[in-house]
Amino acid sequence: MKNVQESQTTYTELMIPSYANFGGKVHGGIILAIMDKVAYVCAAKHSGSYVVTVAVEGVEFLSPVEVGDLITVKASVNYVGKTSMIIGMRVEAFNPRTGQSTHTNSCYFTMVAKNDDGSLKDVPGLILNSSLELRRFCEGKWLRENARHKKETLKGDLLHFSDDELSKTLIEENCILNNLLF
Ligand SMILES: CC(C)(COP(=O)(O)OP(=O)(O)OC[C@H]1O[C@@H](n2cnc3c(N)ncnc32)[C@H](O)[C@@H]1OP(=O)(O)O)[C@@H](O)C(=O)NCCC(=O)NCCS
């Protein structure tokens with residue numbers, strides 16, 4: 001069993017011009033890549049092993065990040081299963097000239113621990129020391145159950161419906177049904 005604090009990770013990086021898109025703002029993919037690295041560090045510290053990213057939930061860019069901003073990513077283990085860990089991430093952009101800090105993104109990375117031979121590895125449990133940690137753990141449990149349900153829906157559920165049944169659910173949608181060829 002481990003405390004949340006043992007793996008909590010904070011990382012800050014300067015947003016340089018090569019990170020920008022044609023609109024002059026930082027690419028969302030750059031932020032995601034930084035978050036992935038921080039999630040790795042946090043999960044590797046908790047599990048004491050090599051980890052891989054399995055899924056990312058709840059990514060939403062709330063406001064743009066500017067070149068020259070300092071991005072700070074805070075990560076902590078919110079939930080652990082047998083071999084998986086849900087890492088809660090919070091991203092803030094700090095403008096050093098104005099002193100203004102903006103919350104730009106929060107989301108959840110599911111990471112799985114692996115042994116050297118690639119097999120799944122059991123991870124230590126979590127000692128919950130506060131009401132916040134209890135709440136985050138329960139939230140993670142819900143996310144995991146939801147992920148399972150989503151996976152089943154995407155993989156199988158829609159196969160049981162005919163084209164006709166599915167097309168009736170699209171009346172309000174922004175699409176037209178052309179002659180289906182298969
Ligand atoms: C993810 C992976 C480990 C699942 O393998 P599997 O044999 O299907 O194993 P399981 O179904 O037992 O899942 C293992 C754990 O991952 C969790 N998991 C699997 N798919 C998940 C998903 N879509 N969302 C959240 N958690 C998921 C399971 O709940 C389980 O957690 P637990 O052990 O804590 O109960 C495997 O598909 C894999 O290695 N994928 C590649 C990951 C990778 O390389 N990432 C880097 C991409 S470049």
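This dialogue discusses how to read the helices, strands, core and ligand shell of a predicted model.

Student: Let us begin with the helices. How many residues does α1 have, and what span does α1 reach?

Tutor: The α1 helix (28-47) has 20 residues and reaches 28 Å from its first C-alpha to its last, close to the 28 Å expected at 1.5 Å a residue. Just after α1, G48 takes a positive phi of about 65°.

Student: Which residues of α1 are buried?

Tutor: A general point on helices comes first. An α-helix has 3.6 residues a turn, so residues three or four places apart point the same way. In this model, the buried residues of α1 are I31, I34, M35, V38, A39, C42, A43, H46 and S47.

Student: What covers the buried residues of α1?

Tutor: The cover includes the strands β1, β2, β3, β4, β5 and β6. M35 offers a specific case: setting aside residues up to four places away in sequence, M35 touches V73, M89, V91 and F109.

Student: Is α2 covered or hardly covered?

Tutor: The α2 helix (131-155) is hardly covered, with 2 buried residues among its 25. From first C-alpha to last, α2 reaches 36 Å, close to the 36 Å expected at 1.5 Å a residue.

Student: I should like to turn to the strands. Which strands pair with β4, and in what sense?

Tutor: The β2 and β4 strands run antiparallel and are joined by 6 bridges; T10, for example, has K74 in β4 as its bridge partner. The pairing of β4 with β5 is also antiparallel, over 10 bridges. Within that second pairing, S76 stands opposite G88, and the bridge partner of A75 is M89.

Student: How many residues lie between β4 and β5 in their hairpin?

Tutor: There are 3 residues between these two strands. As for burial, β4 is mostly covered, since 8 of its 11 residues are buried.

Student: How many bridges join β5 to β6?

Tutor: The antiparallel strands β5 and β6 are joined by 12 bridges. Their hairpin has 4 residues between the strands, and G99 in that hairpin takes a positive phi near 80°. One facing pair is I86 with T110, the latter in β6.

Student: Why is T110 classed as buried?

Tutor: The class rests on a count of neighbours, with a cut-off of 20 or more other C-beta atoms within 10 Å. T110 is buried because 22 other C-beta atoms lie within 10 Å. Leaving aside neighbours within four places in sequence, T110 is in contact with V54, A55, S84 and I86.

Student: V4 lies in a loop. Which strands does that loop join, and why is V4 classed as buried?

Tutor: V4 lies in the loop between β1 (2-3) and β2 (9-14). V4 is buried because 21 other C-beta atoms lie within 10 Å. Beyond residues up to four places away in sequence, V4 touches S76, V77, L126 and E133. With V38 the relation is one of distance: V4 and V38 are 34 residues apart in sequence and 15 Å apart in space, C-alpha to C-alpha.

Student: How should the largest nonpolar core be read, and which of its residues touch the most other members?

Tutor: The general idea is a tendency. In soluble globular proteins, nonpolar side chains tend to be buried together. Here the largest nonpolar core has 32 residues, of which M35, A39, I87 and M89 touch the most other members. Two or more residues of this core come from each of α1, β4 (70-80), β5 (84-95) and β6. The α1 helix gives the most to this core, with 7 residues.

Student: Finally, how many residues surround the ligand, and which are the closest?

Tutor: A shell may be read by its residues, their classes and the elements that supply them. In this model, 14 residues surround the ligand, and the closest are A55, G81, K82, T83 and S84. By class, the shell has 6 nonpolar, 5 polar and 3 charged residues.

Student: Which elements supply at least two residues of that shell, and which gives the most?

Tutor: The elements that each supply at least two residues are β3 (50-57), β6 (100-114) and α2. Of the elements, β3 gives the most to the shell, with 4 residues. Two residues discussed here recur: A55 and S84 are among the closest to the ligand, and both are in contact with T110.

Terms used: Residues numbered from 1 in each chain as written. Predicted model: local features only at pLDDT ≥ 70, side-chain atom pairs only at ≥ 80, totals over all residues. Near = placed C-beta within 6 Å. Nonpolar A, V, L, I, M, F, W, Y, C, P; charged D, E, K, R; others polar. Expected span 1.5 Å × (residues − 1). Buried ≥ 20, exposed ≤ 12 C-beta atoms within 10 Å, placed from the backbone. Core = buried A, V, L, I, M, F, W, Y, C linked by C-beta atoms within 7 Å. Contact = placed C-beta atoms within 7 Å. Pairing = 2+ DSSP bridges.
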